[in-house]
Amino acid sequence: MQRTLVINVVGLTRNLIGEHTPNLQKLLGNSVDIKPMVPAVTCAVQATYLTGKTPAEHGIVANGWYFRDLNEVWLWRQSNRLIQAPKIWDIARAKDSSFTCANTFWWYAMATGADYTLTPRPLYCADGSKLPDCYTYPLEWREELSQELGPFPLFQFWGPATSIKSSAWIADAAISVELKKSPSLQLVYLPHLDYCLQKVGPQGDISKDLQEVDGLVGKLLDFFTARNCRVIVLSEYGIGAVDTPVHPNRILRQANLLAVKTDLGREYLETATSKAFAVADHQIAHVYIQDAELIPTVKALFEQQPGIARVLDAEGKRELGLDHERSGELVLLAEANAWFTYYYWLDDNKAPDFAPTVEIHRKPGYDPCELFFNPTLRFPMLRMAGKVLRKKLGFRYLMDVISIQPEQVKGSHGLALPGADSTPIFMSTEAHLVPSEPIAATDVCDLLLRHVFDE
């Protein structure tokens, strides 16, 4: 076997590699485009890369979905058992039982068959507080890494304070894993570029961010190649420019198809009693419809809306590899310049209490506005510091500093669009293993295995 490192630089595309990225540029000659898949979102793409299967086969139809039996919308679940297909470590072990794999922050990293794993995992305390932390296996690595690198910087991983700090921590953790166990394959996730591109869009000034990410890639390249490892750099999707938020749940509500429950003057989505509701995820949205007879009505409703390019019914889902029971009865695809919010309230004064907070587990959809402070706050950092002080003094607090103005979002993804802004890339230190023609996302798993097992 040839020990191999895979660096997932989320959001990286060919047109971002240039004067600010000298380390990435070294690999550009050994590169090939990966044809974008639908949905081009983290959990679905990573599951496809690790199994060689489509969402219809592995069941990861988005970053989250409506769990019908439980009547819950959940995003960002962490159990690897949700992926309904053999993973790359299962396939590799069948070839060589001595194969080992470390998952360093790729998603679905808990309850996993990977030998070693690290993933973000806050501590949710009984008093309602949330403390930054991570989960590791072996379990003792969490304490060891915290002492070696400091606590995992969760609040720089996601939220309005996101920065290179979390990706730097992950890169250092990958080196620590290598020194501890030298796995056959290590999967490393560097998310920073993804988040800054969603904030400012592909035309924004991200030169500093590119330099920072490139510095981490260079550090990993130098360290792992010196230890005789092959190194792959790949991405999941590119970020396209957007300027049009679309609100499918508000459309359903105005058509008397979506129900809300009012508690203490604020509105909460009623999934069980709604005739239809949407789970938004960047530029796609799964629409769940309780009564099959209503499917044509809801399809016609969305086909009339600006910002929606296509409404996938059963035939459309089969065409794009999304025909799985976890998918909605309909799937919406946005226009290239549009994206979907989860918003269902019609008056911001009645928005749920979690709307202006970082709360990825309660919102019925992905919320990129969590990357922004509320622009109406004069001193958001001061307000946040005050909230932290209340927390430390043991008082109850609500970290309501997040924007609910979706027009601030400038970049998104999820579609299979052609173009340099949207096409993910595969690069390798091994020129002879890189195909000459663009590859499908389902081909990546085999290509990773070839790096481990081929000469």
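Q: How far apart are the closest N and O atoms in the salt bridge between Glu212 and Lys208?

A: Happy to start there. A salt bridge pairs a side-chain nitrogen of Lys or Arg with a carboxyl oxygen of Asp or Glu, within 4 Å. In this predicted model, the closest N and O atoms of Glu212 and Lys208 are 2.6 Å apart.

Q: Where do Glu212 and Lys208 sit relative to each other in helix 9?

A: Look at the spacing along the helix. Glu212 and Lys208 both belong to helix 9 (residues 207-226), and because they are 4 residues apart, about one helical turn separates them.

Q: Are Glu212 and Lys208 buried or exposed?

A: For this we read the relative accessible area: under 20% is buried, over 50% is exposed, and partly exposed lies in between. Glu212 has 23%, so it is partly exposed. Lys208, at 54%, counts as exposed.

Q: How many salt bridges does a search of the whole structure find?

A: The search finds 19. Among them is one in which the side chains of Lys363 and Asp367 meet, at 2.8 Å from N to O. Both Lys363 and Asp367 are buried. Another links the side chains of Arg450 and Asp454, at 2.9 Å from N to O. Arg450 is partly exposed at 31% relative accessibility, and Asp454 is partly exposed at 27%. Salt bridges can also share partners, and in that way Arg3, Glu178 and Arg227 are joined into one network.

Q: Why is helix 8 described as largely enclosed by the rest of the structure?

A: Here the idea is to count buried residues along the helix. Helix 8 covers residues 192-200, and 7 of its 9 residues are buried, so the rest of the structure largely encloses it. The buried ones are His192, Leu193, Asp194, Tyr195, Cys196, Leu197 and Gln198.

Q: Which elements do the buried residues of helix 8 pack against?

A: Let's list the neighbours. The helices are helix 6 (154-157), helix 7 (164-181) and helix 9. The strands are strand 1 (4-9), strand 10 (185-190) and strand 21 (411-412). As you follow the chain onward, notice Gly201 just after helix 8, where phi is positive, about 80°.

Q: Where is there a cis peptide bond involving Pro39 or Pro138?

A: The angle to read is omega. The cis bond of Pro39 joins this residue to Val38, and its omega is about 0°. Pro39 lies in the loop between strand 2 (31-35) and helix 2 (42-51). For Pro138, the cis bond comes from Tyr137, with omega near 5°. The loop that holds Pro138 runs between strand 9 (134-137) and helix 5 (141-149).

Q: What is the phi of Asn71, and what is the phi of Phe105?

A: In both cases, check the sign of the angle and the residue type. Asn71 has a phi near 55°, which is positive although the residue is not glycine. Phe105, also a residue other than glycine, has a positive phi near 85°.

Q: Where do Asn71 and Phe105 lie, and are they buried or exposed?

A: Place each one in its loop, then turn to accessibility. Asn71 is in the loop between strand 3 (64-67) and strand 4 (72-75), and at 29% relative accessibility Asn71 is partly exposed. Phe105 is in the loop between strand 5 (101-104) and strand 6 (116-120). With a relative accessible area of 1%, Phe105 is buried.

Definitions and conventions:
Residues are numbered from 1 along each chain as its sequence is written. This is a predicted model: local features need pLDDT of at least 70, side-chain atom pairs count only at pLDDT 80 or more; totals for chains, interfaces and linings use all residues. Side-chain values use heavy atoms; hydrogens and water are left out. Helices (H or I, at least four residues) and strands (E, at least two) are DSSP runs, numbered from the N terminus. Buried means under 20% relative accessible area, exposed over 50%, partly exposed in between (1.4 Å probe, protein chains only). Contact means heavy atoms within 4.5 Å.
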